Amino acid sequence: MKEYDIVIVGGGPGGSMAAKVAAEKGLKTIFFERGRKPGEKNSSGCGLGPRMWRSWPDMMKNLTEDKCPSLRAGRFARNYLVDKKGEVSAMILARPTESVTYEPAKSFITMNCYRSEFDPWMADLATNAGAELKCSLLIKGLIKENGTVKGVVDEKGEKYMAPIVIGADGAVSMVAKQSGLRDKWYHDHITLVPQYDFYAPREKIDLIMHEEALAVWWMAGGIPSAYQVFFGDGFHVGLGNWMQSWEKNPLYYLNYVVNLKHFQRLIKMLGAKPREVQAHLLPWMPYPEKTYANGVMLIGDAAGFPCPLEAEGIFPAMESAEIAVEVAAEAIAEGDYSENKLKEYERRWQEESSIGTEFDAGPQLWSVWKALPFNAKNMDWFIPMVSEALTGIFDWSEPHKVRIRQIVAHVKKYLPQAMPTLMSEFVPLFTKALEDDMGKLMDPSIMPTLINLLPKLMSLMPDKKKKRRRRK
Ligand SMILES: Cc1cc2nc3c(=O)[nH]c(=O)nc-3n(C[C@H](O)[C@H](O)[C@H](O)COP(=O)(O)OP(=O)(O)OC[C@H]3O[C@@H](n4cnc5c(N)ncnc54)[C@H](O)[C@@H]3O)c2cc1C
């Protein structure tokens with residue numbers, strides 16, 4: 001039996017961050033990874049958002065290409081709108097906009113790298129700070145005394161005792177289950193994400209994709225929307241859906257996307273070769289459930305922290321790690337590891353972290369995603385309506401006035417289908433997001449202009465079509 005101040009189960013970004021911060025605080029820390037090294041399962045999934053650099057500038061400035069060769073920054077996200085027939089009907093290239101307030105974020109949407117490089121880099125930071133790491137070791141159970149978690153036991157029966165155990169063991173969390181915090185996921189709180197990883201030479205990626213960090217393939221025709229992320233020497237493409245929503249084998253849908261004419265063209269241009277097939281679980285929930293119990297706290301995916309709109313999960317895993325360790329250090333100093341003390345962890349992530357801010361509108365954000373990219377029926381009006389509205393004017397076969405009338409008439413056709421979703425999803429989201437600042441955001445001086453706009457427009461409409469005289 002070995003004794004520590006903190007035991008951390010999991011060597012992903014959350015576990016390594018927790019181990020690093022705990023060791024820096026002088027706590028005797030051990031963290032465990034079932035893989036032969038952290039990041040071995042290579043869930044690819046690693047677009048790191050600017051919040052990482054904003055929150056931990058000293059740490060992140062050391063993540064450089066020599067330590068992480070797949071690192072690639074990009075400031076564009078391409079959106080492909082794909083119709084029912086599998087044709088790309090519109091493309092929208094997005095980059096950070098004028099309203100972005102964190103200046104460095106204007107130069108990149110995400111910094112992409114493979115988890116097989118990022119996770120070991122994070123784990124090294126923890127071991128360099130003094131934490132002990134044990135790899136190739138499965139933690140099988142929690143040790144409890146009178147309902148309080150007191151340590152863990154590994155697959156060989158070895159016991160590791162600590163007053164605080166942190167569950168950083170991902171989506172299929174043994175710690176969540178055995179501590180009684182979560183028995184099973186609800187079907188629509190967890191997604192399955194199949195993914196293909198492709199090799200492509202860096203020169204071609206840089207030349208052809210230029211500053212593109214990632215792409216989203218918004219799909220009609222009953223296919224979940226897919227994402228594509230570009231790394232230094234390759235890219236991955238994947239798609240996800242709630243567990244109960246797959247009518248066919250998930251690879252059927254992914255193959256559909258990869259076999260799109262447009263996608264195949266990209267593969268040829270990049271000289272891309274398939275490298276790996278992966279499938280992972282990813283929590284995607286409107287609001288996390290309880291994240292603490294006597295002697296134990298859950299962080300990252302184990303707690304259900306990926307963002308409820310698009311499931312960015314690395315930043316929240318690391319942010320929650322920091323908060324959990326702060327509370328653990330206080331609990332250790334006070335000698336109080338009770339649920340009552342550790343509920344401070346939940347209070348802090350809810351009230352003082354960006355995780356709490358995100359989940360404040362969690363149900364609304366989650367519901368929008370559920371109603372659109374994960375809802376085949378709605379995507380069948382969404383794709384043609386948005387394509388028409390945004391790109392219809394690029395047509396020279398008619399005078400522009402005629403085109404505008406055609407576009408308005410066509411968009412109108414979709415409104416009866418679109419309105420219920422717009423009203424039930426977007427109105428609550430905007431109401432929630434604006435609730436604190438409505439007064440500040442709505443400038444009263446523009447209200448009369450808005451109110452007068454409609455009668456003004458109506459008054460400009462002629463009753464009858466007048467014949468215009470040609471000028472002589
Ligand atoms: C396909 C895919 C793409 C994604 N893309 C992105 C992205 O681009 N950006 C982003 O921010 N997020 C992304 N995510 C989400 C992100 O991967 C997770 O939110 C993040 O990895 C959570 O970190 P974590 O440390 O909580 O858990 P994990 O990364 O899951 O780490 C848990 C670790 O614990 C180990 N472990 C589990 N059980 C035990 C045990 N009993 N004993 C010992 N070790 C154990 C596991 O092997 C694993 O290494 C993606 C997820 C998927 C599935």
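Buried means under 20% relative accessible area, exposed over 50% and partly exposed in between, using a 1.4 Å probe and protein chains only. This is a predicted model, where local features need pLDDT of at least 70, side-chain atom pairs count only at pLDDT 80 or more, and totals for chains, interfaces and linings use all residues. Residues are numbered from 1 along each chain as its sequence is written, and side-chain values use heavy atoms, with hydrogens and water left out.

**View 1. Strand β13, covered on both faces.**
Strand β13 spans residues 164-167; strands here are DSSP runs (E, at least two residues), as are helices (H or I, at least four), and both are numbered from the N terminus. On one side of β13 sit I164 and I166, on the other V165 and G167, and all of them are buried. In a regular strand, side chains alternate between the two faces of the sheet. What does β13 pair with over 4 bridges? That's strand β2 (residues 6-9), in the parallel sense; strands count as paired if DSSP finds at least two bridges between them. Within that pairing, V9 has G167 as its bridge partner. β13 is also joined to β21 by 3 bridges, again running parallel, and here V165 is partnered with V296.

**View 2. M297, a buried methionine in β21.**
Zoom in on strand β21 (residues 296-298) and you'll find M297. How buried is M297? Its relative accessible area is 0%. Contact here means heavy atoms within 4.5 Å. Skipping residues up to four places away in sequence, M297 touches I164, V165, I166 and G167, along with T291, Y292, A324, V327, A328, L342 and Y345. M297 and S179 sit 118 residues apart in sequence, yet their C-alpha atoms are 9.3 Å apart in space.

**View 3. The largest nonpolar core, with 75 residues.**
A nonpolar core is a set of buried Ala, Val, Leu, Ile, Met, Phe, Trp, Tyr and Cys residues joined through side-chain atoms within 4.5 Å. In the largest one, L48, M52, M60 and F118 have the most contacts inside the core. Which helix gives the largest share? Helix α10 (residues 314-334) does, with 11 residues. The core lies between domain 1 (2-65 + 113-184 + 290-360) and domain 2 (72-111 + 187-284), because both give residues to it; these bounds come from an automatic or database domain assignment. Leaving aside neighbours within four places in sequence, M52 is in contact with M60, F118, I314, F315 and M318. As a rule, nonpolar side chains in soluble globular proteins tend to be buried together.

**View 4. A three-stranded open sheet, β4-β8-β5.**
The 3 strands of this sheet pair in the antiparallel sense. β4 (47-48) and β5 (72-74) are the edge strands, each with a single partner, so one side of each has no neighbour in the sheet. β4 pairs with β8 (residues 110-112) over 2 bridges, and G47 stands opposite N112 in β8.

**View 5. E212, a buried glutamate in β15.**
E212 lies in strand β15 (residues 212-219). Is E212 buried or exposed? It's buried, with a relative accessible area of 4%. Beyond residues up to four places away in sequence, E212 touches R72, G74, F76, R78, L93 and F230.

**View 6. Two loop residues with positive phi, N146 and H210.**
Most residues other than glycine have a negative phi. N146 goes the other way, with phi near 45°, and belongs to the loop between β10 (139-145) and β11 (148-154). At 81% relative accessibility, N146 is exposed. Where does H210 sit? H210 lies in the loop between α6 (202-209) and β15. Its phi is about 50°, positive although H210 is not a glycine, and at 53% relative accessibility it counts as exposed.

**View 7. Stepping back to the protein chain, with 17 helices and 21 strands.**
The radius of gyration, taken over C-alpha atoms, is 25 Å, close to the 23 Å of the globule rule for 472 residues, so the chain is as compact as a globular protein of that length; the rule is 2.2 Å times the number of residues to the power 0.38. Buried residues make up 50% of the 472. Domain 3 (367-460) joins domains 1 and 2 in the assignment, and the C-alpha centres of domain 1 and domain 3 lie 42 Å apart.
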